[in-house]
Amino acid sequence: MSAQPPPPQAQTQPCARILLICHNVPFGRAMAAALQARSGAQLCGILAIERPVPRRQKLRRMLAFALRASFLERRVRRLETRLEQQAARAFDTAAAPPAAWPPGIKVHTSANPNAAASLAWLAARQPDLIAVTGAPVLQPEVFSLPRLGTLNMHSSILPAYRGTQAEFWQVLEQGWDSCGITVHFVDAGVDTGRIVLQQRTEAAPPLTPQMLRARNLLQALHTVPQAVAAVLDGSARPMLQGPGPRPRRSRDRTLAARAQLLRRLGYLTGPEAPAPVPQPAEDRR
């Protein structure tokens, strides 16, 4: 009898390579740990955004604010800082974020993920998928780098409240039905890419934007790894977004709007609080 040919060898699929782009803050480290717990060795690198401000520059800013800011602006800033600190403590208590990045994972620190050095570092990792959980608007050279695309975490049920600081506008405008996390592919628009996964966050008055943000971040620690896994295993069914209001910009969050919100929540009282901010017609839902 002639020798039988050896059985065909099983084709092993190469391990997908995931990169995380996030800020160098407790939430960023918690997200890295959550992704590693779900995806293991597939998480091969972290681009941590960090923008240190020199002490002298920080002192100059503080002095300029003290000299130029109105009494109302100083009150609003103090209240917002206090609410941010309360929310940060709540997140830290619930998430127990690690003090360091996961061991064995390469970390590149940069002030700008779109910079040439950042792009070179990302390209050298040869990612199959990038997950973004906090970053400025990415250039096409960055978000088109992975073969499977780039996922972004946004803190609303899109297409509602595209743009920055969604929680602020949701609380100000009582948009509770749009509170939650959307994980979507990044495209050339602002929060307009195909939706991979959405998860609502429980929210109702008198919740502050800062505490709503903390709840969203806790939700994202589960939602983002789940969306990443779905894209990698092929079970994701991305959906096109419908039309929505214009994206909010940082400059839309004026002192008048901030004071109006704090007054509505009961933190700001007195005649110095400005009149309510009229809502643009195009943003009314």
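## Close-up views of a predicted model

**View 1. Helix 3 and helix 8 cross in a left-handed sense.** The model is predicted. The axes of these two helices come within 10 Å and cross at roughly 60°. That angle makes helix 3 oblique to helix 8. On the helix 3 side, the contact is made by Leu72, Glu73, Val76, Arg77, Leu79, Glu80 and Leu83. Helix 8 contributes Leu255, Arg258, Ala259 and Leu262 to the contact. An α-helix has 3.6 residues a turn, so residues three or four places apart point the same way.

**View 2. Helix 8 spans residues 255–265 and holds a run of buried residues.** Ala257, Arg258, Ala259, Gln260, Leu261, Leu262 and Leu265 are buried here. Their cover includes helix 3 (71–95), helix 6 (166–172) and helix 7 (209–233). Arg258, Ala259 and Leu262 are thus named twice, as buried residues and as part of the contact with helix 3. Just after helix 8, Gly266 takes a positive phi of about 90°.

**View 3. The largest nonpolar core has 33 residues.** Within this core, the residues with the most contacts are Leu20, Phe27, Met31, Leu151 and Val228. At least two residues each come from strand 1 (18–23), helix 1 (26–39), strand 2 (43–49), helix 3, strand 4 (129–132), strand 5 (150–154), strand 6 (180–185) and helix 7. Helix 7 gives the most, with 9 residues. In soluble globular proteins, nonpolar side chains tend to be buried together.

**View 4. Leu151 is shown with its contacts beyond four places in sequence.** One group of these partners is Leu129, Ile130, Ala131 and Val132. Val183, His184, Phe185 and Val186 are also in contact with Leu151, as is Val196. The remaining partners are Ala227, Val228 and Val231. Val228 is itself among the residues with the most contacts inside the largest core.

**View 5. A second, separate core has 15 residues.** Its members include Ala166, Cys179, Ala203 and Leu261. Leu261 also appears among the buried residues of helix 8.

**View 6. The whole chain is given for context, with 8 helices and 7 strands.** Buried residues make up 43% of the 285 residues. Of the contacts with a separation of 6 or more, 72% are between residues 24 or more positions apart. The accessible surface comes to about 15,500 Å², and carbon and sulfur atoms account for 55% of this surface.

How values were computed:
Residues are numbered from 1 along each chain as its sequence is written. This is a predicted model: local features need pLDDT of at least 70, side-chain atom pairs count only at pLDDT 80 or more; totals for chains, interfaces and linings use all residues. Side-chain values use heavy atoms; hydrogens and water are left out. Buried means under 20% relative accessible area, exposed over 50%, partly exposed in between (1.4 Å probe, protein chains only). Helices (H or I, at least four residues) and strands (E, at least two) are DSSP runs, numbered from the N terminus. Contact means heavy atoms within 4.5 Å. A nonpolar core is a set of buried Ala, Val, Leu, Ile, Met, Phe, Trp, Tyr and Cys residues joined through side-chain atoms within 4.5 Å. Accessible areas come from the Shrake-Rupley method with a 1.4 Å probe; for residues, only the protein chains shown count as cover. Axes are lines fitted to C-alpha atoms, for helices over the stretch in contact, and angles run from 0 to 180 degrees between N-to-C directions. Angles under 35 degrees count as roughly parallel, over 145 as roughly antiparallel, 65 to 115 as roughly perpendicular and the rest as oblique. A crossing is left-handed if the near helix is turned anticlockwise from the far one by less than a right angle, and right-handed if clockwise.
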